[in-house]
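Biologist: Got the model open? I'd like to go through the charged pairs, then the helices and the sheet.

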Amino acid sequence: MVAVAINGYGNLGRGVERALALAPDMECVGVFTRRDPASVTTYGASVYALEQLSEFKGKIDVVINCGGSATDLEVQTPQVAKLFNVVDSFDTHAKIPQHFATVDATAREAGTTAIISVGWDPGLFSMIRVLGEAVLPQGCSTTFWGRGVSQGHSDAIRRIEGVLDARQYTVPVEETVEAVKAGKDVELTARTMHTRECYVVAEQGADLERIEREIVTMPNYFADYNTTVHFISAEELAEKHNGIPHGGQVIRTGSTAEDVNHAIHFELALDSNPEFTGSVLVATARACAKKSAAGLTGAYSVFDLSLAELSARSAEDLRAHSL
């Protein structure tokens, strides 16, 4: 059994715990948290203070870091890599090369194995983009996200004066999606590819026109998109917008000769973004343990993983039943 520790217990940590319960070859050693362990309720996993993690050296095969990319993972993953094999979901795309270099240097010095930036984008979508480019070198790849909740954009709305709560959905423009699938020459911009749908609970007596104006003109979040704002009650938000769904698709179109065209479509429709991401992290933790057992140290990305490493099944079983 692969012994796995969960570092951090928000939505993603809970998703990882659920995924571990479904993995036949893996077990959860425990949850490690910066909060008071007595205040954390899990689905059954033991809870320890993060300061206790080092005491488990030799008892943990892989640590799955479940912190956020904005402030946590750039610090936590190199720290954990000094003692343990580690997997994270760092998703700040522009900073991935530097994060990889930092973790790689630490893991090589410590003799540990790390796999960074795991999830569905970056992660599974990254793999499909590279596979599409390899198979259809003459072509182009397009990625659409949604329909799904963007937690960062939802937080940005909540920071506006007069807003009590909010959910923001990223929604692909279907006309553009269909045009890309058909291989048509279509303009791809933020506005033509996605729209933003905002559901906002405002304080009683708040200036709704001002709130809507601040949302739709907000730079880096909404100004470049067609954005719709709906003001609803707290009860309706809790009833109809309580989940964290998401999804998206990667489309690779290309040709192998004149008038010989092809398309690759890969799509995700997720009821729970953190639970699905947790499942990807758990499969990757299995691959991390296998690489470590083979004596491979340093940092890796999803591009360095084989399907056999990700799978709980033996190579013989895979060849016999899935090839």
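Biologist: How many salt bridges does a search of the whole structure find?
Modeller: The search finds 15 salt bridges. Keep in mind that this is a predicted model.

Biologist: Take Glu275. Which side chain does it meet in a salt bridge?
Modeller: Arg18, at 2.6 Å, N to O. Glu275 lies in helix H10 and Arg18 in helix H1, so the pair ties together parts that are 257 residues apart in sequence.

Biologist: Are those two buried or exposed?
Modeller: In between. Glu275 is partly exposed, with a relative accessible area of 33%. Arg18 is partly exposed too, at 38%.

Biologist: And Asp72, what does it meet?
Modeller: The side chain of Arg34, in a salt bridge of 3.2 Å, N to O. This pair links distant parts of the chain, 38 residues apart. Asp72 sits in the loop between S4 and helix H2 (73–81). Arg34 sits in the loop between S2 and strand S3 (47–49).

Biologist: Is Asp72 buried or exposed? Same question for Arg34.
Modeller: Asp72 has a relative accessible area of 14%, under the 20% cut-off, so Asp72 counts as buried. Arg34 is exposed, at 60%.

Biologist: What about Lys291 and Glu309, buried or exposed?
Modeller: Both are buried. Their side chains meet in a salt bridge, 3.2 Å from N to O. Lys291 lies in helix H10 and Glu309 in helix H11 (residues 307–310), so parts 18 residues apart in sequence are tied together.

Biologist: Which residues do shared salt-bridge partners join into one network?
Modeller: Asp155, Arg158, Asp165 and Arg167.

Biologist: Switching to H1. What is its span?
Modeller: Helix H1 covers residues 11–22, 12 residues in total. From first C-alpha to last, H1 reaches 17 Å, close to the 16 Å expected.

Biologist: Which of its residues are buried?
Modeller: Leu12, Gly13, Gly15, Val16, Glu17, Ala19 and Leu20.

Biologist: What do they pack against?
Modeller: Strands S1 (2–7), S2 (26–33) and S4 (62–65), plus helix H10 (273–293).

Biologist: Now the sheet with S8. What is the strand order?
Modeller: S8-S9-S10-S11, an open sheet of 4 strands with mixed pairing. The edge strands are S8 (148–149) and S11 (226–231), each pairing on one side only.

Biologist: In what sense do S10 and S11 pair?
Modeller: Parallel, over 6 bridges. Glu197 stands opposite Thr228 in S11.

Biologist: Which strands does H5 lie across?
Modeller: Helix H5 (residues 151–158) lies across S8, S9 and S10. H5 runs at about 145° to S9.

Definitions and conventions. Residues numbered from 1 in each chain as written. Predicted model: local features only at pLDDT ≥ 70, side-chain atom pairs only at ≥ 80, totals over all residues. Heavy atoms only, no water. Pairing = 2+ DSSP bridges. Helix = DSSP H or I, 4+ residues; strand = E, 2+ residues; numbered from the N terminus. Contact = heavy atoms within 4.5 Å. Axes fitted to C-alpha atoms, helices over the stretch in contact; angles between N-to-C directions. Expected span 1.5 Å × (residues − 1). Buried < 20%, exposed > 50% of the residue type's maximum accessible area, 1.4 Å probe, protein only. Salt bridge = Lys/Arg side-chain N within 4 Å of Asp/Glu carboxyl O.
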